[in-house]
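Welcome, and please take a moment with the sequence and the model. We will go from the overall fold to the two ligand sites, then visit a few single residues.

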Amino acid sequence: MNIHPASRYHDVYARSMQDPEGFWADAARAIDWIEPAKKVFDASQGLYGRWFAGAVVNTCYNALDRHVAGGRADQLALIHDSPLTNSVSRFTYAEMLREVKTFAAILQDFDVAKGDRVVIYMPLVPEAMVAMLACARIGAIHSVVFGGFAAKELATRIDDAKPKLVLSASCGIEPGRIVAYKPLLDDAIKLAAHKPPACIVLQRPQQPCDLIKGRDYDWADLRSAALAANKSADCVPMLATDPLYILYTSGTTGVPKGVVRDNGGHLVAINWSMQNLYGVKPGEVWWCGSDIGWVVGHSYIVYGPLFNGNTSIMYEGKPIGTPDAGAFWRVISQHKAAAFFTAPTAFRAIKKEDPNGEFIRKYDLSHFRTLFLAGERGDPPTIEWAEKQLKVPVIDHWWQTETGWCIAGNPVGLGQLPVKHGSPTVAMPGYRIEVVDESTKPVPAGTMGSIVIKLPLPPGCLPTLWQQDERCKEAYFNEFPGYYKTADAGYIDEDGYVFVMGRTDDIINVAGHRLSTGGMEEILASHPDVAECAVLGIKDPLKGEVPCGFLVLKAGTDKSPAEIEKEVVALVREKLGPVAAFKLAITVARLPKTRSGKILRGTMKKIADGDPWALPATIEDPKALDEITDALKSRA
Ligand code: COA
Ligand code: AMP
């Protein structure tokens, strides 16, 4: 391995491996604890041990109260910038604390207490951040559901989390269309077996909605009444090991997995990452262009920047079309952002519209130091383009909903390491990353295999799935004993650089959004005329991957294939949501299979992607693959 003396990374990482408890105990000094941990790591608790066992803390206190008390009362905590509503609003730390204390008291009026779940189904508005922090303040466990998911997905999450309260809004805004949230919420509650007793709904002027008497409450009315009555909720002491939130993510079946995040480990790890990985100092402006419905938004729109005393930008807009491909540069320049974090897909969209970077040169980007990319593989051409145009370091980093923060990255705060295009760089402290074969045997450097992480996982990573310890073990810990299975495949080179090449399960990554093809297959199979189906992720120049569904129809249907294809496209949008970007369904006479009946998804994908492929020895009938080639050609 090459050592780069200008970076402290190698010493820091080595210490995290040799003395993990000492390392994380030091990192924990940056957090205000009510009571310190009895044990920094208690190997006897949980599925693989628990961090900061016995410590007592409040996450909201560390995000807001301590900064207000410590001199940041008048510093901006949040800048909400919305080209979709043509508005910018700003909240100082003192103002945000007042909003959160008030809303937390409202939650308590609805009988929400420590350990109760609150589902948040909201667009990217400041109230969503207030809601998350208010839950954290009183120890309620929030579960944010991305606005691009449909009613059925919301219903599944309501049934699993069993919330006492749902927080929503009348609408979200997408370019050229208003997304009415309320009908989706009402449908979800109809579909769900668990009926949340109450909903608080934020009325947005773009499209207000009707409220159901006795169940729905108007956000603004409750807020005014609570302010008039001087209501305010104090921080509730929480165990470090108590859950802070549940975030559902696509699993290998249609039922999403409820990833649990605890309070203490999350605080320590996310806070550590702000200065050491992202290299941002307290007081600076930070922008993460994700959505609070994703883990990236949880960690780096809401929690990380506030733990670190930064000003966080929340952006309700797109990289292009709101109004043009200069939107990102306008935001960075107007609010003087020091660093920005987004997904490569956003850059592919900008590159397509503004290949020569003309918009970039219209703005003063003198405060801007670093661009961070994650959510999908940072493809070298996109990274090279961004480096050339922006003239700042472009840092790819790899992580997952389950880990909550970066697994492999380039720690700018410790001294940047040389960038290798196509690699998110090296393991972050606490992560012992290995690449292994099927029998959990490490493979040599440069050899592809399954990427696994030696247990225990560092602070911040999932302790379990919500009320499903067994499913958690099954999904992550059983296949490679002693390790966490990332379900990503790749290799590590001689310099310790990690290369993450793709998933080993049915997950696909569409415009940085994680989706399960298995879940989509369940929806296609529910169509009365579909006998059999297969959904694959196929290459897309903008979104990285898009789903493509192959259908075999039942004999005797009187509808045409074209009609059924249109219906299944609409069905996925209705059941899963527009975020799936499922637009391509192709009818074929049969699916290519092995002699034992396994669908040859891998070969079908290679054909669809135009990659070289070999005839599998076990194929039942080779002609079935020619039929796939012909069907794809007819759609090209
Ligand atoms: N509520 C409702 N609908 C939503 C939504 C939301 N919050 N977010 C997206 N959608 C809809 C979109 O309107 C679109 O609908 P359409 O099929 O009617 O056009 C569909 O879901 C797909 O959305 P998206 O994948 O975002 O594609 P897009 O064409 O709107 O935009 C990009 C493409 C590249 C600009 C966009 O995907 C992007 O900015 N991605 C960044 C991803 C990201 O930040 N990921 C987080 C990990 S870091
Ligand atoms: P999510 O849980 O939505 O954050 O998606 C996690 C998955 O996205 C990972 O398992 C990877 O497959 C993929 N991913 C995220 N970031 C990267 C990256 N920088 N490089 C390669 N793949 C990535």
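A residue is called buried here when its relative accessible area is under 20%. By that cut-off, 60% of the 636 residues in the protein are buried. Please keep in mind that this is a predicted model.

## Overall build

The secondary structure amounts to 18 helices and 32 strands. Along the principal axes, the C-alpha atoms of the protein fill a box of roughly 70 × 65 × 55 Å. How does the radius of gyration of the protein relate to that of a compact globule? For 636 residues a compact globule would be near 26 Å, and the protein has 24 Å, so the two agree.

## The site of ligand 1

Let us turn to the first ligand. There are 23 residues around ligand 1, and those that come nearest are Glu174, Arg177, Lys543, Arg573 and Lys583. By class, this shell holds 10 nonpolar, 7 polar and 6 charged residues. Lys583 offers a side-chain N or O atom 2.9 Å from an oxygen atom of ligand 1. The backbone takes part as well: a polar backbone atom of Gly147 is 3.4 Å from a nitrogen atom of the ligand, and a backbone N or O atom of Pro578 is 3.5 Å from one of the ligand's oxygen atoms. How much of ligand 1 does the protein bury? Taken alone, ligand 1 exposes 940 Å², and the protein buries 84% of that.

Two of the nearest residues named above, Glu174 and Arg177, lead us to a hairpin. Strand E9 covers residues 171-174 and strand E10 covers residues 177-180, and they pair in the antiparallel sense over 4 bridges. One of the bridge pairs joins Gly172 to Val179 in E10. Between the two strands of this hairpin there are 2 residues, and Gly176 in the turn has a positive phi of about 75 degrees.

## The site of ligand 2

Around ligand 2 there are 15 residues, with His397, Thr401, Asp488, Arg503 and Arg514 coming nearest. The shell is made up of 4 nonpolar, 5 polar and 6 charged residues. On the backbone side, an N or O atom of His397 lies 2.7 Å from a nitrogen atom of ligand 2. Arg503 brings a polar side-chain atom to 2.7 Å from an oxygen atom of the ligand, while the side chain of Asn509 has an N or O atom 3.2 Å from a ligand oxygen. Taken alone, ligand 2 exposes 500 Å², of which the protein buries 93%.

Here are the polar contacts of both sites side by side.

| Ligand atom | Protein partner | Distance |
|---|---|---|
| Ligand 1, nitrogen | Gly147, backbone | 3.4 Å |
| Ligand 1, oxygen | Pro578, backbone | 3.5 Å |
| Ligand 1, oxygen | Lys583, side chain | 2.9 Å |
| Ligand 2, nitrogen | His397, backbone | 2.7 Å |
| Ligand 2, oxygen | Arg503, side chain | 2.7 Å |
| Ligand 2, oxygen | Asn509, side chain | 3.2 Å |

Which strands each supply at least two residues of the shell around ligand 2? They are E21 and strand E27 (498-503).

E21 also belongs to an open sheet of 3 strands, ordered E21-E22-E23 with antiparallel pairing. Strand E21 (398-399) and strand E23 (426-427) are the edges, each with a single partner strand, so one side of each has no neighbour in the sheet. E21 pairs with strand E22 (residues 406-409) over 2 bridges, and Trp398 has Ala408 in E22 as its bridge partner.

## Three single residues

Ala374 sits in the loop between strand E19 (370-373) and helix H13 (380-390). With 3% relative accessibility, Ala374 counts as buried. Its C-alpha atom is separated by 9.5 Å from that of Gln400, 26 residues apart along the chain.

Is Lys101, in helix H4 (residues 93-109), buried or partly exposed? At 26% relative accessibility, Lys101 counts as partly exposed. Lys101 and Leu227 are 126 residues apart in sequence, yet their C-alpha atoms are 9.9 Å apart in space.

Finally, Thr311 is part of strand E17 (residues 311-315). Thr311 is buried, with a relative accessible area of 3%, and its side chain reaches the backbone oxygen of Leu76 at 2.6 Å.

How values were computed:
Residues numbered from 1 in each chain as written. Chains lettered and ligands numbered in written order. Predicted model: local features only at pLDDT ≥ 70, side-chain atom pairs only at ≥ 80, totals over all residues. Heavy atoms only, no water. Near = heavy atom within 4 Å. Polar contact = N/O pair within 3.5 Å; in protein donor to acceptor, adjacent residues only side chain to side chain. Areas by Shrake-Rupley, 256 points an atom, 1.4 Å probe, with all protein chains shown as cover. Nonpolar A, V, L, I, M, F, W, Y, C, P; charged D, E, K, R; others polar. Pairing = 2+ DSSP bridges. Rg over C-alpha atoms; globule rule 2.2 N^0.38 Å. Buried < 20%, exposed > 50% of the residue type's maximum accessible area, 1.4 Å probe, protein only.
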